[in-house]
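I sat down today to go through one structure and jot down what I looked up. My list had three topics: internal space, one helix and one side chain.

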Amino acid sequence: MTTVPLTTAPTGTAPGTVDLRSVWPATTTERPHGDVLVGGVSLTGIAESHGTPVYVLDEAEVRERCRAYRAAFPEAEVHYAAKAFLCRALVRWVEEEGLGLDVCSAGELELAVTTGFPADRILLHGNAKSPRELAIALRLGVGRIVIDTPAEIARIAAAVGTGGHQKVMVRVTPGISAGGHHKIRTGSDDQKFGLSLRDGHAQHAIARILDQPQLELTGLHCHLGSQITDVRPYLVAVRRLVGLMARVRDTHGIALPELDLGGGHGIAYRPGESALDLTGLAARVRVELAGSCAAAGLPVPRLIIEPGRAVAGPAGVAVYRVLAVKRTPGRTFVAVDGGMSDNPRPALYGVRYAPRLIGRHSPAEAERVTVVGRHCEAGDILAEDVPLPADTHPGDLLAVPVAGAYHLAMASSYNLVGRPPVVAVLDGRARLLVRRETLEDLRVRDIGL
């Protein structure tokens with residue numbers, strides 16, 4: 001079998017390493033007749049055996065990205081942000097690669113713990129944690145709870161009970177606007193997350209926590225947003241949070257031992273797009289943290305970071321089948337058998353992708369088309385103004401790379417269309433991780449008659 005690499009790593013990339021700027025998994029190859037393989041497995045073959053739409057997750061890519069973070073931040077705790085995508089196999093991979101987890105619901109927490117993930121290596125987030133979620137977290141022994149609102153302080157302390165103990169952090173809003181879209185910027189004062197550094201709410205919450213003997217305040221947490229491709233906002237966050245740590249030391253005589261900078265590390269969805277430089281981020285954050293702490297007379301806290309999209313996103317490929325091609329005076333629409341129910345991100349954030357034809361080689365010239373989904377929404381657009389062969393027709397297969405994060409994690413059953421399966425690939429083998437949601441699954445939940 002003759003194959004050629006689908007993407008080429010930039011000059012200077014060491015053999016066997018992952019190019020974090022690539023929009024396809026590093027294991028991707030292409031056969032001369034147009035079939036594309038990921039992890040040594042034909043995407044066309046997966047579509048034939050599992051149907052479409054189908055999501056393919058490259059285990060080797062996930063593991064290599066975990067290792068890249070461990071190598072870049074050897075002195076830090078690296079926690080995978082489960083909200084990007086979570087399933088039992090991914091929990092196992094992350095645990096085996098030495099990462100922690102951060103979760104934001106009882107569902108994510110229970111899935112991880114029942115899979116065997118150590119609860120003490122899990123952080124629980126959330127701007128509105130329910131009493132039930134807090135009770136589950138305490139029962140399972142979650143490592144840290146990130147306090148997001150003052151009301152949680154007394155609630156957690158009461159749930160812990162006299163003589164109990166729970167490690168907590170405070171989510172601080174440092175007044176920094178960063179991220180790829182206004183809906184995913186979470187570091188500024190005008191959104192729902194965290195306690196403001198600017199108006200004193202964070203300092204007041206810290207004082208209240210320190211008055212609760214059941215709660216151990218281990219450090220400060222912040223999350224600036226998502227799809228950040230510039231290192232500078234993280235450096236500003238370090239300076240501001242270290243400044244708050246110094247005030248805590250001066251006021252309460254305590255040097256907090258941990259600083260969590262969150263995640264939000266931007267990745268490329270299309271060739272040529274910029275991505276956050278992981279090596280540069282690690283080096284500059286390390287220098288900034290050491291310098292800021294030295295200036296404040298503080299010991300350097302243990303750093304925590306929370307990549308999610310940057311681990312899972314580039315490891316996923318979505319495969320769709322073309323159902324219709326419609327040409328109008330204004331544009332050509334290529335309709336596929338998935339859409340906003342399995343990937344709502346284009347509708348929510350206007351995200352753009354780079355789909356490509358797989359399974360055959362086309363001699364036709366490319367034309368600009370709009371790839372749309374099957375749902376009863378004008379906004380159900382997967383990729384706008386993208387090049388596809390002019391002879392694209394019903395029955396063809398399209399593959400969309402960088403589909404591993406915030407697709408199925410945000411999926412719905414809109415129009416009662418079941419969610420797609422997830423198939424893992426590794427070393428020429430494919431195995432089903434998550435089965436397709438069937439019409440029976442949708443029907444049995446309806447018990448209203």
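My entries follow in the order I made them.

**Entry 1: cavities**

I reminded myself that this is a predicted model. I then asked how many cavities of 30 Å³ or more a search of the whole structure finds. The search came back with 2.

I took the largest cavity to begin with, and its space comes to about 80 Å³. I counted 14 residues in its lining. Tyr55, Phe85, Ala403, Gly404 and Leu408 are the ones that lie nearest the centre. I wanted to know which element gives the most to this lining. That turned out to be strand E5, residues 54–58, with 3 residues. I also sorted the lining of the largest cavity by class and got 11 nonpolar residues, 3 polar and no charged.

**Entry 2: the second largest cavity**

I put this one at about 40 Å³ of space. I listed its lining as Phe73, Tyr234, Leu261, Gly262, His265, Leu281, Val285, Leu303 and Ile305. Helix H9 (278–296) supplies at least two of the lining residues, and strand E14 (302–305) likewise supplies at least two. By class I noted 7 nonpolar and 2 polar residues, with no charged ones, in the lining of the second largest cavity.

**Entry 3: helix H7**

I moved on to helix H7, residues 201–210, and asked which of its residues are buried. I wrote down Ala202, Ala205, Ile206 and Ile209. Why do I say they line one face of the helix? Looking down the axis of H7, I see the buried residues fall within an arc of 105°, so they line one face. The general rule helps here: an α-helix has 3.6 residues a turn, so residues three or four places apart point the same way.

Next I checked what covers those buried residues of H7. The cover includes helices H6 (151–160) and H8 (232–252). It also includes strands E9 (144–147), E10 (166–173), E11 (195–196) and E12 (215–221).

**Entry 4: Gln166**

I picked Gln166, which sits in strand E10. Is Gln166 buried or exposed? Its relative accessible area is 5%, and buried means under 20%, so I logged Gln166 as buried.

I then looked for what the side chain of Gln166 reaches, and found the backbone oxygen of Gly143 at 3.4 Å. Leaving out residues up to four places away in sequence, I have Gln166 touching Leu138, Val142, Gly143, Arg144, Ile145, Val160, Gln214, Leu215 and Glu216.

Technical notes. Residues numbered from 1 in each chain as written. Predicted model: local features only at pLDDT ≥ 70, side-chain atom pairs only at ≥ 80, totals over all residues. Heavy atoms only, no water. 1 Å grid on protein atoms, 1.4 Å probe; cavity = no way out; pocket = protein on both sides within 12 Å on 5 of 7 lines; lining within 4 Å. Points joined across faces, edges and corners; volume = space filled by probe spheres on them. Helix = DSSP H or I, 4+ residues; strand = E, 2+ residues; numbered from the N terminus. Nonpolar A, V, L, I, M, F, W, Y, C, P; charged D, E, K, R; others polar. Buried < 20%, exposed > 50% of the residue type's maximum accessible area, 1.4 Å probe, protein only. Arc of directions from axis to C-beta. Contact = heavy atoms within 4.5 Å. Polar contact = N/O pair within 3.5 Å; in protein donor to acceptor, adjacent residues only side chain to side chain.
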